[in-house]
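Grab a coffee and work through these exercises with the structure open beside you. Each one has a task, then a solution that goes step by step.

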Amino acid sequence: MQDSMVSRRDFIKFMAQAGVVSAGLSSATACQLNPKSTLLPFQPLPPTAYDNLSLAKGFRWSILLKELDPINSTQVFGSNNDYTQFIPLANKPDEGILWVNHESTLTLFTSGYDHKSKGQKRTIEQVDKEQNMVGGSLVHIKKSNNKWALVKNSPYNRRLTGKTKINFANNKTILGHKYAVGTIANCAGGKTPWNTILTSEENYQNYYGDIELLGKNRSFASAPKSRDYQWWRFYKYPPEHYGWVVEVNPLTGVAKKHTSMGRFSHECATTIKASDGRCVVYSADDKSDQCLYKFISDRPNSLNNGELFVADTINGRWISLDRSKSPLLKKHFTSQTQINTYTRKAAHLVGGTPLDRPEDIAIHPTTGNVFATLTGNPKRKNFYGSILKIEPTGGHHTSQSFKASEFLSGGERTGFSNPDNIAFDKKGNLWLCSDISTRKLLRGSYKPFLNNSLFYIPLSGPNSGHVYRVAAGPTDSELTGVSFSPDFKTIFLSIQHPGENSRAHKKPTSNFPHMGHPHPLSCVVTITGPTLDRLMS
Ligand code: FEO
Ligand code: CA
Ligand code: CA
Ligand code: CA
């Protein structure tokens, strides 16, 4: 249905009509074009600024699910979808359960509350609506006649929301409670070797504020602000109940919040099975000057217990956050649970390296090298971000040392800015989503990149390290949650927060997906087509 292809000629015509051709734009367009044009993997899409999903030639898209679609008799698909992960049923490549994160919600459309305006009246009814739109979805999907669709009335279709009670794993008690109410700020995630989902709670501070330790006392590190979501006005949940990695059984929907992997703005939880069967989980704290982490479970098939490390990327070593091994940590913390609850403080005490907002992490399928996006940090004049490569010593993910180097940096030369979500395909080539923040899109030095995009980056062959734009999102959107079906014939992709800059309900900046709804809707789309088939063959 929504097949969309934009030729270079159409694009230039559009840009000329729109009056936005500039020296900077030409430069970013040119940088997409590899001089070895006869060897191009495909003709890349130029930077694009339509209020639509635009794709390079030979790719097709179709909406799988959009915000507010009913998934069962009582629940709807949530908002601002992010991480996607397909779990096949009975090993079928074309039928399974898709997990989808719902990171946040555009309150203007969900509840009528404009959190960017001062003096707005806030009601519990608004907050309840918003809580029901975040968390995650489990949806049973199936491909028939080359089209993916929801299996209606499947018992696998269910929601986790900002209201779902979720126990802490391992019978832990956090601030006097064995459970938390809700999972929130679910950004990226991971899949365990035993086929459960990991969903990462990222910017939790926007809902209930944040607490850190000042000396040995709890103190508001990020006091609830008058212009944030203000859920704290009606629900007095401890901030320490959020910022964890949550494990979800896709068959039953049963979830648990793990405290073993620490608490911070968890962007992701990327797993790999070590040669001895233990599970290694890489994670990143998406905040300026925060760190990269690794967790090693103490046994196969469980994340309940293990050792957490923070990366010293300057000296190439993983530093343990185990209290029993560190006199410094013993001095500042009364228990391991306290370290895991206020992880940032512990990480900086022991020498974790502050990074420029580490985001998603992907592990190369054959080399085992770990790639982490650093989305940028204007305060340190890193405007466009980069991709960090970590080579574990001896190729062992349980190793205590590694070599760190920059794989690629964003900017007009490479054609991308602010790298965020990444995934490797079966051939070991990288798929990268950019996340230029909505307030910077199409402005200043970000103008040449136009709308946020999906890129393909070969890691081998004559085009190795070159960057090719596959897709560009609609107005104000971020493309995210890129993942593949098991046969690599389908890409699942989240079109997140189109119209995010809207300031009036009746005047949205985007009408995506242009299906007559009064406000824009986030969607999960499938991408297929002959170019994808060729790249995967
Ligand atoms: Fe939710 Fe760091 O992206
Ligand atoms: Ca996002
Ligand atoms: Ca992200
Ligand atoms: Ca981001």
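**Exercise 1. Charges over rings**

Task: find which ring Lys-345 lies over, and at what distance from the ring centre.

Solution. Start with the rule: a charge sits over a ring if NZ of Lys or CZ of Arg is within 6 Å of the ring centre and within 35 degrees of the ring normal. Now go to Lys-345: it lies over the face of Phe-333, 5.7 Å from the ring centre. Then try Lys-294, whose charged end sits over the ring of Phe-309 at 6.0 Å from the centre.

A word on the ground rules: this is a predicted model, where local features need pLDDT of at least 70 and side-chain atom pairs count only at pLDDT 80 or more, while totals for chains, interfaces and linings use all residues. Residues are numbered from 1 along each chain as its sequence is written, chains are lettered from A and ligands numbered from 1 in the order in which they are written, and side-chain values use heavy atoms, with hydrogens and water left out.

**Exercise 2. One face of a helix**

Task: work out which residues of helix α8 are buried and how they are arranged around the axis.

Solution. Helices here are DSSP runs (H or I, at least four residues), and strands are too (E, at least two), numbered from the N terminus. Buried means under 20% relative accessible area, exposed over 50%, and partly exposed in between (1.4 Å probe, protein chains only).

- Step 1: in α8 (residues 343–350), the buried residues are Thr-343, Arg-344, Ala-346, Ala-347 and Val-350.
- Step 2: these fall within an arc of 165 degrees seen down the axis, so they line one face of α8. The arc is that of the directions from the helix axis to the C-beta atoms.
- Step 3: look just past the end of α8, where Gly-351 has a positive phi of about 105 degrees.

Now repeat with α4 (residues 124–133): Gln-126, Val-127, Glu-130, Gln-131 and Met-133 are buried. Their arc is only 160 degrees, which puts them on the same side of α4. They pack against β4 (95–102), α3 (107–110), β7 (158–160) and α5 (205–208), with contact meaning heavy atoms within 4.5 Å.

**Exercise 3. Two calcium ions**

Task: list the protein donors of the calcium ion (ligand 2).

Solution. Donors are N, O and S atoms within 2.8 Å of the metal (3.2 Å for Na, K and Ca); water is not among the atoms, so sites may look incomplete.

- Step 1: ligand 2 has Glu-103 (OE), Glu-478 (OE) and Gln-496 (OE1), lying 2.5 to 2.6 Å from it.
- Step 2: Glu-103 is in the loop between β4 and α3 and Gln-496 is in strand β32 (residues 491–496), so this pair ties together parts 393 residues apart in sequence.
- Step 3: Glu-103 counts as buried at 13% relative accessibility, and Gln-496 is buried at 0%.
- Step 4: the calcium ion (ligand 3) is 4.9 Å from ligand 2.

**Exercise 4. An aromatic pair**

Task: what kind of pair do Phe-371 and Phe-407 form?

Solution. Rings of Phe, Tyr and Trp (its six-membered ring) pair if their centres lie within 6.5 Å; planes under 30 degrees apart count as stacked, over 60 as edge-to-face and the rest as tilted. The rule gives 26 aromatic pairs. Phe-371 and Phe-407 are edge-to-face, 5.2 Å centre to centre with 90 degrees between the planes. Phe-371 counts as buried at 2% relative accessibility, whereas Phe-407 counts as partly exposed at 22%.
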